[in-house]
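Visitor: I would like to learn how to read burial, nonpolar cores and surface patches. Could you take me through them on one example?

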Amino acid sequence: MNIPQLSIKNHQFTLTAFAFLLVMGVASFFNMPRREDPALDIPNVLVIAVYPGATPEDIESQVVDVLEESINELDDLKEIQTTIRDGVAIMEVEFIFGVDTDEKFDEVQRQVNQSRNEMPEGLFQLDVKKMSTNTVTIMQIGLISGTADYALLKSEAERLKREIEKVGGVRKVDVEAYPEQEVRIALNPVTMSEMGISLDDVERAIQSNNANIPGGAVKVSNRLFNVKTSGQYTGLDQIRNTVVGAYQGKVIYLKNIASVFFGFEDERWTARYNGEQAVYINVQQKDGYNIYSVTDPIKEKLSRANLAGDIRLAYIFDQSEGVTERVAGFLGNLIQGILLVGAIIFLVLGIRSASLVMLAIPFSILIGLWAVDQSGFALQQMSIAGLVVALGLLVDNSIAILENIERFLSQGYSREQAAIRGTQQLIAPIASATLTTILAFIPIVMMPDTTGAFIKALPTTVIATLTASFIVAVTLTPYLASLILKEGKNGDSRKTTPLFRRLTRFVEGPYRNALQWALDHKGLTISAAVLSLVGALALFPLVGVAFFPKAEKPQFRITVQLPNGNNLDATDQAVQYVESILDTIPDVRYYAANVGHGNPRIYYNVASENYSNTFGEVFVVLKEYDIDRFYGLLDQLRHTFRDYPNARIDVREFVQGPPSEAPVAIKIYGPELDKLQSYAREVENIVRSTHGAINVDNPIRSNSTDIYFRTNRDKAMMLGVPTHVVDKTIRSFVNGSAIGKFRDKDGEDYNMVMRFDYEEKFRLEDFDKISVQSVSGRFIPLKHLTDVEFAQAPSRITHLDSERTATILSDLEKGYTLDEVINAIDGQLQQMDWEDGYSYIYKGDLESRNESFGGMGIASLMALLLILGVLIIQFRSFSQPLIIFTALPLAIIGSVLALLATGINFSFTAFIGLTSLIGIAINNSIVLVDFANEMRREGASVAEAARQAGEVRFIPIVMTTLTTILGLLPLTLMGGSLWAPMGWTIIGGLLTSTTFVLLLVPILYILFTKENTAAEQA
């Protein structure tokens, strides 16, 4: 089928089809969802169990072991990590990537529900949550006041929440960082004992009087009436007047033994904005929505909000600002690349031909964007980077087509015939070249892990755009060429450009002489290439290997961790110290402090720390990002916080890439907690003394000191006091017990919490006031049944796949690679005396990198084999594809040298660049070998065909190399540390492969091509 002839003869259809594709592309560009980072559908599920007052060992035996046993029955499990602290257990269930996340979530939910009957009675919360980057908070809004109480702040936040929920595209709105209001029933234990009223008496009385029991319905004549009963409490006075028993013949009301009032639960999470009390409103976005269509209406609604008192509103985090900056930066790189590519094309080809080539860029990009949009990808850094990578490649097809059309024009063909013949002659080799490039990216799309999903939009965009460029080159370009290019021998306008003439003189002079010298010294030339490759590989260790770089944002986190056993007040004191330091730094725009909880999840790979009395976090935003000042400030803060007593204060940057526990994560296995703790301390000291390791964390460094009530079981049984009554009484005194719900006139629900009354500052002597009721009705003082003592206990227990572990975490200091730090640590760990049953493994970035690089290695091998298969079919030879493949090791030389010269580590994106080179670099070799074969079919000798191929194809090869390099240059120089490794890998590889290919491929063609090969292929 003659495709160019069809497109020209049916140009009305051609123009209509491209007009449609152009409109769809423009519509996709404006309507595509915009994100800052890729959406990751991670097959991870969180199980959170809250058991107030329980020790880690209690939660381990009563909750975690039961849940782990149940969840282990599921298929496709990768690992289960569990962290157990006082009163809470967090279990992260990770499945093999690629499974149905919704199905696995349902399976975990089902297993957890089946285990609920085996859970202890005091379990307060057992939730199952799905992990996804789509649940990231896109807006963190603070309501700030210096005078308003939590009740007013929450009321205003709830009012704004209802308005925000009306905006289309909003998935969820949470109001957080405040204590819940509750109905407090503060019992007087002394009065209760005197009047003979037990806890169970009070609980039964309140629950029976607060029951809402439907009365049914009655028929009266022809009418049916619903019967309403008195129902639940409607006011606090009703609760106070509840009869709870009798004493000396008189009725005892609740108000006689307790105070009933509205109060707040114990503070678990407090927040401040620039030092002032704050409550957060956190907004999540639904999938498939443009972030601006969500955030803009929210801002408009909030701008009209009238807040009570001195309450102010502040945007602590707004992801749309980051999207604007990120997308604008990438689009700027794309436009700069287009201008650079356009400049070189106009300088070489002239106005007419260059105009046709440049027309391919917007058409290919917009058609490609439409395909990317239909594939479900958003406009974010990966998809735009894919456009930049494809930019220099997509003009290659049109350049080759136009050059061939002009060659036919110079031979006297009409514009239409030249367009048809010139295009039809190159369809097969251009299709082959495009296919080989695409095949290099297809395996990256198929990478079956989190990193593959993170990067997937890039190869998808490249494939879609290159496919579009091929369609444009073989349909629209020949039609437009038949209208615009000049006929006759003077039609080759390129020869009138000064740059083209200079390139021609270079080919006829220096290049011809260099090629002749190389052909005369084949062994020396090949040896030089081999030695260059060996030298580059020898230098590779100096480059260093990394995984993903820092995020390069004007934002960072400061985490505060106190030793176990400290309360929220002590943590707050340390956080206030951090705030006082930040107040003195002019570069700080604002900060949000969190005490008892992590900042809401605003970054896709950083999870929010759950409730902990010993944890605090400050989210800091700077006025601008300057890399030198940024890292100078971080070093200054780390030095300042290093000597703070009784707390570890770490300064942490945001990092690119899929979620990871930490760059350095060492898991120590072992059955006994004491020995695990001992090993963990020893490993911690090793890591802490290693250069390049910062923010070293050992969560089980120290034990917590707990108050133990040792019940004398024999005495309790003799006096008729069940042990569970003692435990329940102690729990009610310390934490309180939720015994029901109170609904006010506005329909708001509040927990009714029964709790013994004690002063704000708890004293151990307060327990002496408590008595417990025996089965005979007598009240026995608690101190007669229990002994109170202080004892140390594990503060945290961690599991990995149901085995006890200890974890040592560390970040990397700027300038150090992961391998440098790991190798230094591992040398010392291997010298430790490890007992039987105790061992260690590396997780974190090392594990993720090994998995990802292994996947990229398989992807590269697949790409090589697929491309080799295409070349064997095209050339019907084994030797010629191998000649073509020599471009790959030659490209490695430049890639290594470029990374070494720029001081950039070989990261995951550099590996993508190397894989991309498989398809990009060999195209030059394909062009040379294909042209040489054409010369052979026309009767030239092997040596003459090799020389002509080098000279005739020199300018097209140099042009396609320059367009690729110039298209990538803005992204490489200004795209940050994520894209610089990929850009320099491709640029350096293209420079050396192009240089060597123009000299080495003719030599190899002569050495491995028989005189009759081309004739046989013909």
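Guide: Burial is a good place to begin: in this predicted model, buried residues (under 20% relative accessible area with a 1.4 Å probe, counting protein chains only; exposed is over 50%, and partly exposed lies in between) make up 55% of the 1018 residues in the protein. Local features need pLDDT of at least 70, side-chain atom pairs count only at pLDDT 80 or more, and totals for chains, interfaces and linings use all residues. Residues are numbered from 1 along each chain as its sequence is written, and side-chain values use heavy atoms, leaving out hydrogens and water.

Visitor: How many residues does the largest nonpolar core have, and which have the most contacts inside it?

Guide: A nonpolar core is a set of buried Ala, Val, Leu, Ile, Met, Phe, Trp, Tyr and Cys residues joined through side-chain atoms within 4.5 Å. The largest one here has 193 residues, with Ile164, Ile298, Ile345, Phe908, Ile922 and Trp979 having the most contacts inside it. Helix α13 (residues 381-410) supplies the largest share of this core, 18 residues; helices are DSSP runs of H or I with at least four residues, numbered from the N terminus.

Visitor: What is Ile164 in contact with, beyond its neighbours within four places in sequence?

Guide: Contact means heavy atoms within 4.5 Å, and by that criterion the partners of Ile164 outside those neighbours include Ile141, Val170, Ile281 and Ile298.

Visitor: Is Met862 buried or partly exposed?

Guide: Met862, placed in helix α25 (residues 844-875), counts as partly exposed because its relative accessibility is 31%.

Terms used:
Helix = DSSP H or I, 4+ residues; strand = E, 2+ residues; numbered from the N terminus.
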